[in-house]
Amino acid sequence: SKTAFPDETKVVTLSGDQIIIAGADAALSAKAEGVIPPSGRLVVIHPDGTTETIPVSPSRTEDVMFQYPVRNVREGFRYRFELHDGIGSEHQVSVRVPPTLQDLKFVQVYPKYTGLEEKEMSPANLRLLEGSRLRIYANASEPLESAVVEIKGQDAPLPLNVSGNDKKEVKAELVVPGTGWKSMSIHLVSAAGEMSANDPVYRVDLVVDRPPVVVLNEPKKETLTVVAGAKVPFRFKISDDFGIKRAYLAYRVFRPTVAGAMEPAEEGEIPIHYDGSQKSFSQTLEWDLSKLVPAVTVGSSINCWIGAEDNNPSKASSSTKSPEKRIQVVSEEQKRMELLELLGERAKDIE
């Protein structure tokens with residue numbers, strides 16, 4: 001009468017004691033040896049002493065196990081499995097709270113030439129201009145030993161400055177390159193040696209300051225003939241992403257030699273006036289060839305183009321020019337014959 005009957009089922013707890021990060025899932029499992037029941041119980045003992053009984057069923061695999069995942073664990077608890085007449089040993093699930101960042105801010109300080117004021121960027125939309133400075137501000141949930149920012153596309157993590165009397169303030173200032181950065185994440189080590197976990201990754205889109213765009217709509221032909229002293233119309237559009245420093249009409253004169261060859265002569269630029277606050281403008285310019293000194297005579301030719309330069313001082317090639325046009329200076333008789341020939345071709349088309 002003093003001898004207890006042996007249990008028909010022996011409970012072997014597989015998951016045992018666990019230490020998990022706050023918010024993670026605790027995967028609890030056990031197996032039954034001997035009589036395998038069609039169902040069992042998981043008993044969870046909360047810190048305040050209250051218990052919760054959760055029904056569990058055996059898996060359908062060859063190695064029969066009873067499993068249950070406890071989702072989003074925020075505080076520790078004890079547990080045991082009870083299968084048929086067997087009661088498993090009690091185990092502990094402990095929760096580790098890693099250091100986290102609070103009040104995280106990304107501030108982009110644009111280069112002076114852009115005329116843009118510094119702007120706080122959303123972590124979900126880090127569009128960073130080449131040459132800008134990215135300032136990072138944050139507070140940690142507990143005192144820190146160190147902090148680094150890991151940037152995908154860069155070889156090694158960059159250390160962040162940990163400051164403040166409580167060692168909770170995190171600061172950094174990074175110069176934005178033109179290429180390489182794809183994403184970034186911040187990793188922490190607390191004063192107690194705990195490492196942060198599941199650190200969010202922030203996507204980075206790098207924006208490159210592009211040179212100006214010059215579209216020359218008129219003259220349409222690559223080569224055109226004019227008489228000496230004519231006025232040649234230029235119709236064009238100039239645009240840039242962060243403003244235009246200067247725009248100009250550039251030319252190079254070629255004059256005939258005694259032997260009949262063409263040799264380069266004088267060259268110059270005619271400034272184009274526009275509203276400096278504009279990032280894009282369209283304009284028509286009439287170039288009076290009679291104002292060129294020395295005068296351009298019959299037989300000479302002029303290569304010309306529209307050029308623009310932006311405000312970026314850090315780039316060697318921040319200017320753009322349109323395709324070159326060639327102006328051939330001919331006599332009035334030659335121009336008359338050309339127009340008559342053109343008129344004849346149009347008459348054929350009309351006929």
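**Figure 1. Phe106 and Tyr202, a pair of rings that are both buried.** This close-up comes from a predicted model. The ring centres of Phe106 and Tyr202 sit 5.5 Å apart with the planes at 70°, so we call the pair edge-to-face; the cut-off for that label is over 60 degrees. Phe106 belongs to strand S10 (residues 101–109) and Tyr202 to strand S19 (residues 202–207), so this contact ties together parts that are 96 residues apart in sequence.

**Figure 2. Phe234 and Trp287, a tilted pair.** Here the centres of the two rings are 6.2 Å apart and the planes meet at 55°, so the geometry lands in the tilted class. On the strand map, Phe234 is part of S22 (residues 231–239) and Trp287 is part of S25 (residues 280–288), so the pair links parts that are 53 residues apart in sequence. As for burial, Phe234 has 1% relative accessibility and counts as buried. Trp287, at 4%, counts as buried too; the bar for that is under 20% relative accessible area.

**Figure 3. The aromatic cluster of Phe77, Tyr79 and Phe81.** These three residues, Phe77, Tyr79 and Phe81, group into one aromatic cluster. For context, a search of the whole structure turns up 6 aromatic pairs, and the Phe106 and Tyr202 pair is edge-to-face.

**Figure 4. The protein chain around the close-ups, with 1 helix and 28 strands.** That is the full secondary structure count for the protein chain: 1 helix and 28 strands. Its radius of gyration is 39 Å, well over the 20 Å that the globule rule gives for 351 residues, so the chain is more spread out than a compact globule. Along the principal axes, the C-alpha trace spans about 135 × 65 × 35 Å. Take the contacts between residues at least 6 apart in sequence: 66% of them join residues at least 24 apart.

**Figure 5. Surface and charge of the protein chain, with 42 positive and 50 negative side chains.** The centres of the two charge sets lie 4 Å apart. The accessible surface adds up to about 20800 Å², and carbon and sulfur atoms own 50% of that. Buried residues account for 36% of the 351 residues in the protein chain; Phe106 and Tyr202 are both buried.

Key
Residues numbered from 1 in each chain as written. Predicted model: local features only at pLDDT ≥ 70, side-chain atom pairs only at ≥ 80, totals over all residues. Heavy atoms only, no water. Helix = DSSP H or I, 4+ residues; strand = E, 2+ residues; numbered from the N terminus. Rg over C-alpha atoms; globule rule 2.2 N^0.38 Å. Buried < 20%, exposed > 50% of the residue type's maximum accessible area, 1.4 Å probe, protein only. Contact = heavy atoms within 4.5 Å. Areas by Shrake-Rupley, 256 points an atom, 1.4 Å probe, with all protein chains shown as cover. Lys, Arg positive; Asp, Glu negative; His and termini not counted. Charge placed at Lys NZ, Arg CZ, Asp CG, Glu CD. Phe/Tyr/Trp six-rings, centres within 6.5 Å; stacked < 30°, edge-to-face > 60°.
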